[in-house]
Amino acid sequence: MLSDAQIKEIHKIIGKNVAKIRKEKKYSQLKLSLEMGHNSVSLVSFAEIGLKGAHLILNIYYKLLLF
């Protein structure tokens with residue numbers, strides 16, 4: 001079983017990948033947020049730095065792969 005620290009580290013790694021793909025696709029945090037139906041960049045911002053849970057990070061990651 002993974003420790004809380006290990007889980008947080010995994011979230012940070014996935015968040016960095018989200019940021020990398022978002023930038024490669026030339027999406028701003030706002031544009032991605034709007035595409036996902038949100039009016040604020042905070043969701044994407046927090047996910048990119050690993051502050052939100054895995055379900056939000058993975059949802060954003062999935063949306064990026066669709067665009």
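## A single search result to begin with

How many salt bridges does a search of the whole structure find? The search finds 1 salt bridge, and in this predicted model the side chains that meet in it are those of Arg22 and Glu48, at 2.5 Å from N to O. The pair links distant parts of the chain, since Arg22 belongs to helix α1 and Glu48 to helix α3, with their positions 26 residues apart in sequence.

Both partners of this salt bridge, Arg22 and Glu48, are buried. For Arg22 the relative accessible area is 7%, and because buried means under 20%, the residue falls in that class. Leaving aside its neighbours within four places in sequence, Arg22 is in contact with Tyr27, Ser28, Gln29, Leu32, Val44, Glu48 and Leu64, a list that includes the salt-bridge partner Glu48.

## The chain as a whole

The chain has 4 helices and 0 strands, and read along the sequence it follows the pattern α-α-α-α. Along its principal axes, the C-alpha trace spans about 35 × 20 × 15 Å. A compact globule with 67 residues would have a radius of gyration near 11 Å, and the 12 Å of the chain agrees with this.

Buried residues account for 27% of the 67 residues. The accessible surface of the chain comes to about 4,500 Å², and 59% of that surface belongs to carbon and sulfur atoms. Where contacts between residues at least 6 apart in sequence are considered, 60% of them join residues that are at least 24 apart.

## The nonpolar core

The largest nonpolar core has 11 residues in all, namely Val18, Ile21, Tyr27, Leu32, Met36, Leu43, Val44, Ala47, Ile57, Ile60 and Leu64. The elements that give two or more residues to this core are α1 (4-24), α3 (42-48) and α4 (54-66).

Which residues does Ile60 contact, leaving aside its neighbours within four places in sequence? Ile60 is in contact with Val18, Leu32, Met36, Leu43, Val44 and Ala47, and these residues, like Ile60, are members of the core. Tyr27, Leu32, Val44 and Leu64 are also core residues, and they appear among the contacts of the buried Arg22.

## Towards the surface

On the surface, Leu2, Ile7 and Ile10 form a nonpolar patch, with about 230 Å² of accessible area together. Ile7 lies in helix α1 and has a relative accessible area of 34%, which makes this residue partly exposed. The helix that holds Ile7 is also the one in which Arg22 is found, although Arg22 is buried.

Leu58 lies in helix α4 and counts as partly exposed, at 47% relative accessibility. From C-alpha to C-alpha, Leu58 and Asn39 are 19 Å apart in space, while in sequence they are 19 residues apart.

## A residue with positive phi

Lys26 is placed in the loop between α1 and α2 (29-35). Most residues other than glycine have a negative phi. Lys26, however, has a positive phi of about 60° although it is not a glycine. Is this loop residue, Lys26, exposed or buried? Lys26 counts as exposed, because its relative accessibility is 72% and the class begins over 50%.

How values were computed
Residues numbered from 1 in each chain as written. Predicted model: local features only at pLDDT ≥ 70, side-chain atom pairs only at ≥ 80, totals over all residues. Heavy atoms only, no water. Core = buried A, V, L, I, M, F, W, Y, C linked by side-chain atoms within 4.5 Å. Buried < 20%, exposed > 50% of the residue type's maximum accessible area, 1.4 Å probe, protein only. Contact = heavy atoms within 4.5 Å. Patch = residues over 30% accessible without salt bridge, like charges linked within 9 Å, V, L, I, M, F, W, Y side chains within 5 Å. Areas by Shrake-Rupley, 256 points an atom, 1.4 Å probe, with all protein chains shown as cover. Salt bridge = Lys/Arg side-chain N within 4 Å of Asp/Glu carboxyl O. Rg over C-alpha atoms; globule rule 2.2 N^0.38 Å.
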